[in-house]
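Trainee: Please pick one part of this structure and take me through it closely, contact by contact. I would like to see how that part sits in the whole.

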Protein chains: 2
Amino acid sequence: MTYDEGQVRAMAGTKDGTGNGNGSTKPVARRLLATATRLFAEQGYDRTSVQEIVDAAGVTKGALYHYFGSKEDLLHEVYGRVLRLQQERLDHFADADAPVEQRLRDAAADVVVTTIDNLDDTKIFFRSMHHLSPEKDKQVRAERRRYHERFRALIEEGQRSGVFAADIPADLVVDYHFGSVHHLGTWYREDGPLTPQQVADHLADLLLRALRP
Amino acid sequence: MTYDEGQVRAMAGTKDGTGNGNGSTKPVARRLLATATRLFAEQGYDRTSVQEIVDAAGVTKGALYHYFGSKEDLLHEVYGRVLRLQQERLDHFADADAPVEQRLRDAAADVVVTTIDNLDDTKIFFRSMHHLSPEKDKQVRAERRRYHERFRALIEEGQRSGVFAADIPADLVVDYHFGSVHHLGTWYREDGPLTPQQVADHLADLLLRALRP
DNA sequence: TCCCACATACCGACTGGTTAGTCTGCCTGT
DNA sequence: ACAGGCAGACTAACCAGTCGGTATGTGGGA
């Protein structure tokens, strides 16, 4: 066994996915994770074999199981990366010193840009969530809920202060917006007519317009 | 071989998924498809084995492969059912004799209700699209595009006549709304606080508000 | 300085289990 | 007697994870 249970659990909270906890990702581990991310996004988690990943990364199974406890750990790492990034950015924009409609617009637009910039991760995130084991699934759901609630708080703040329409549940508005974010992986193409920033501005604009009292 | 290539292709256009083309679904075939739909939605396509499906339906593999050419055919049948249903309903509302904002509102709300009423099918639809073979994938994409374009035409009509804001690409608005529809499978719960109709009214309202000039 | 003990990094053959799909044949109604 | 409907054992392929082994590097004692 390369990692015992305790170490695997601990890994989930570290930054680099190697479980060494010192922030310095070993090149091989980094390459394996990057390769897995690409293949998972292209073919789906279940359709990507461990053999394919190690072949594409130019190593063997020995290397993969040296750095990761299981195939699922790779998936969990992708999730952790996305969640931490998005939460950090949301907190940044939500805590800013600006009117609530500006903070919401900035946060809403930023999540779109960030999602497009990491489209592979996001495709995996939304498609393969239900492939996680109950334990890891619970953890990911908890982090997602935290994100959702922070976003909802922004909307409720605007509703209380009268700058947003209050006759609609804030929860529903959050899901409305994140539906469109979620959906980006299905339709957005890099070679399409719109830049990520343009898409973000349009989608944030739609959200703010829908919330006009 | 139960079905040769030609028959499998023909099946895609029939109504009952048994390939007999006479509209009378054999009970066993119907039960297999219903069981598969439920299991695919619960566990995902790849995680559901053919053995599980036939066990849950109370038959054996012999029966399944008597009625369906492959496991993928089951998936394709689910897709066909959903696509035909949604297209039919969209055409109905879009062709109605009413102002464009009313037609759009009705169509937008109806797709939400229909989606919630067939949540299993929709979950499968959005999660497992990329599991289809290239040939069937192409066919499904073509039908989806037809749907998308009909919906977009409604928005463009309103933009031309000045009742909708014209400073946003209609394509993007369609994806915005369908993002939220797509997302329903992730968050909507039957035992939640909102009825399908309430959700539909809210989401249609958000769309129409966002389109106010 | 040399050398030994030990750890880390990785290899690749192997195992036990699972899977989609096939095939032979029985059974029943016409 | 013939055909459709179905059973269930079988096969060939595949897959995640294991394990014994090798190579490389590193710290400490003589």
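Mentor: Let's start at Tyr65(A), where a polar side-chain atom lies 2.8 Å from a phosphate oxygen of DNA strand D. That pair is a polar contact, meaning N or O atoms within 3.5 Å of each other; within protein, one must be able to donate a hydrogen and the other to accept it, and residues adjacent in sequence count only if both atoms are side-chain atoms. Please keep in mind that this is a predicted model, in which local features need pLDDT of at least 70, side-chain atom pairs count only at pLDDT 80 or more, and totals for chains, interfaces and linings use all residues. Residues are numbered from 1 along each chain as its sequence is written, chains are lettered from A and ligands numbered from 1 in the order in which they are written, and side-chain values use heavy atoms, with hydrogens and water left out.

Two further contacts reach phosphate oxygens of the same strand. At Val50(A) the partner is a polar backbone atom, 2.8 Å from a phosphate oxygen of DNA strand D. From the other chain, His66(B) brings a side-chain N or O atom to 2.9 Å from a phosphate oxygen of strand D. The elements that give two or more residues to the surface near this strand are α4 (61–67) of chain A and α4 (61–67) of chain B. Helices here are DSSP runs of H or I with at least four residues, strands are runs of E with at least two, and both are numbered from the N terminus. With 4 residues, α4(B) gives the most to the surface near DNA strand D.

Widening the view, 15 residues surround DNA strand D, and Val50(A), Lys61(A), Tyr65(A), Thr60(B) and Tyr67(B) are the closest. A residue is near a strand if one of its heavy atoms lies within 4 Å of it. Sugar or phosphate accounts for 64% of the strand D atoms within 4 Å of the protein, and bases for the rest. Sorted by class, the surface near strand D holds 6 nonpolar, 6 polar and 3 charged residues. In this sorting, Ala, Val, Leu, Ile, Met, Phe, Trp, Tyr, Cys and Pro are nonpolar, Asp, Glu, Lys and Arg are charged, and the others, Gly among them, are polar.

Now for the partner strand. What does Lys61(B) approach on DNA strand C? Its polar side-chain atom lies 2.8 Å from a base oxygen of that strand. Phosphate oxygens of strand C are approached by Tyr65(B), through a side-chain N or O atom at 2.9 Å, and by Lys71(B), through a polar side-chain atom at 2.8 Å. DNA strand C is surrounded by 15 residues, the closest being Lys26(A), Thr60(A), His66(A), Tyr67(A) and Lys61(B). Of its atoms within 4 Å of the protein, 61% are sugar or phosphate and the rest belong to bases. Here α4 of chain A and α4 of chain B each supply at least two residues, and α4(A) has the largest share, 4 residues. The class tally near strand C is 6 nonpolar, 6 polar and 3 charged residues.

How do the two protein chains relate? A turn of 180° with a shift of 0.0 Å along the axis lays chain B on chain A with an RMSD of 0.1 Å. That is the relation of a two-fold axis. The superposition is by least squares on C-alpha atoms of residues with pLDDT of at least 70 in both copies. The copies meet through the same surface, because 100% of the interface residues of chain B are also interface residues in chain A.

Behind the DNA-facing part, chain A comes to 10 helices and 0 strands. Of its 213 residues, 52% are buried, where buried means under 20% relative accessible area, exposed over 50% and partly exposed in between, using a 1.4 Å probe and protein chains only. Val112(A), in helix α6 (residues 100–117), is one of the buried residues, at 0% relative accessibility. Beyond residues up to four places away in sequence, Val112(A) touches His177(A), Val181(A), Leu184(A), Val199(A), Ala200(A) and Leu203(A), contact meaning heavy atoms within 4.5 Å. Val199(A) is 87 residues from Val112(A) along the chain, yet their C-alpha atoms are separated by 7.6 Å.
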